[in-house]
Amino acid sequence: MGVIGANGSGKSSLFALVRGELQPESGEFSRPADLKMAWVAQEVPALDTSAIDYVVDGDATLREVERAMHSADAAHDGARIAALHARYEVLGGYSARARAAQLLAASALRPQTWNAAWRAFRAAGACA
């Protein structure tokens, strides 16, 4: 879902309300306790990360397992490497980049423009 509106119309306030960071000044607002949301902040830090890697970075557990895999590999800990690869597979790690590409493809941007669009997006700041 996307929200479009003029500057100052309350888009950021609406999202802050939905995220539980703001309380309504009047009336009531409720949301399911198990609501899962993801969003892009208005200010996105300048990074040298590709668009696909940025999407994959959103899965903190997957990235943690990847770091642990590198550590286990450096330590030549075969049993730990095997266990971490099994966990990585359960998390969908082997298809994470493909799934990130699918998300980006849904944005209607052509693959050859993803990184250029991402650089422009970061430079301009994301819109809530």
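Helices here are DSSP runs of H or I with at least four residues, strands are runs of E with at least two, and both are numbered from the N terminus. The model is predicted, so local features need pLDDT of at least 70 and side-chain atom pairs count only at pLDDT 80 or more, while totals for chains, interfaces and linings use all residues. Residues are numbered from 1 along each chain as its sequence is written, and side-chain values use heavy atoms, with hydrogens and water left out.

**Exercise 1. The overall plan**

Task: find how many helices and strands the protein chain has, and how many of its residues count as buried, as a percentage.

Solution. Start with the elements: the protein chain has 6 helices and 0 strands. Read from the N terminus, the order is α-α-α-α-α-α.

Next, burial. A residue is buried under 20% relative accessible area, exposed over 50%, and partly exposed in between (1.4 Å probe, protein chains only). By that rule, 23% of the 128 residues of the protein chain are buried.

Then look at contacts, meaning heavy atoms within 4.5 Å. Among contacts in the protein chain with a separation of 6 or more, 49% come from residues 24 or more positions apart.

**Exercise 2. How far to trust each part**

Task: work out which element has the lowest mean pLDDT and which the highest.

Solution. The score pLDDT is the predictor's confidence in each residue, from 0 to 100. For the protein chain the average is 82, and 76% of the residues score at least 70. Over residues 124–128 the pLDDT is below 50, although this stretch has 11 contacts in the model beyond near neighbours in sequence. Where pLDDT is low, the predicted coordinates should not be read in detail.

Now compare the elements: helix α6 (residues 114–124) has the lowest mean, 58, and α4 has the highest, 97.

**Exercise 3. Checking two helix lengths**

Task: compare the spans of α3 and α4 with what is expected of them.

Solution. The expected span of a helix is 1.5 Å times one less than its number of residues. Helix α3 has 15 residues and should span 21 Å, which agrees with the 21 Å between its end C-alpha atoms. Helix α4 covers residues 78–90, 13 in number, and reaches 19 Å from first to last C-alpha, close to the expected 18 Å.

Finish by looking just past each helix. His76 lies in the loop between α3 and α4 and, though not a glycine, has a positive phi of about 55°. Most residues other than glycine have a negative phi. At 70% relative accessibility, His76 is exposed. Just after α4, Gly92 takes a positive phi of about 80°.

**Exercise 4. Two neighbours in α3**

Task: decide whether Arg63 is buried or exposed, then do the same for Glu64.

Solution. Arg63 belongs to helix α3, residues 60–74. With 16% relative accessibility, Arg63 is buried. Glu64 is also found in helix α3, but Glu64 is exposed because its relative accessibility is 53%.

What does Arg63 touch, leaving aside neighbours within four places in sequence? Its contacts are Asp53, Val56 and Asp57. Gly93 is 30 residues from Arg63 in sequence, and their C-alpha atoms are 8.9 Å apart in space.

Step back to the whole helix: the buried residues of α3 are Leu62, Arg63, Val65, Glu66, Met69 and Ala72. These residues pack against α2, α4 and α5.

**Exercise 5. The core and a ring pair**

Task: find which elements give two or more residues to the largest nonpolar core.

Solution. A nonpolar core is a set of buried Ala, Val, Leu, Ile, Met, Phe, Trp, Tyr and Cys residues joined through side-chain atoms within 4.5 Å. The largest has 13 residues, of which Ile52, Val56, Leu62, Val65, Met69, Leu84 and Tyr88 touch the most other members. The elements giving two or more residues are α2 (51–57), α3, α4 and α5 (96–105).

For Val56, ignore residues up to four places away in sequence: its contacts are Leu62, Arg63, Ala96, Arg97 and Ala100.

Last, the rings. Rings of Phe, Tyr and Trp (its six-membered ring) pair if their centres lie within 6.5 Å; planes under 30 degrees apart are stacked, over 60 edge-to-face, and the rest tilted. The count is 1 aromatic pair. Tyr88 and Tyr94 have ring centres 4.8 Å apart and planes at 90°, so the pair is edge-to-face. Tyr88 is buried at 10% relative accessibility, whereas Tyr94 is exposed at 52%.
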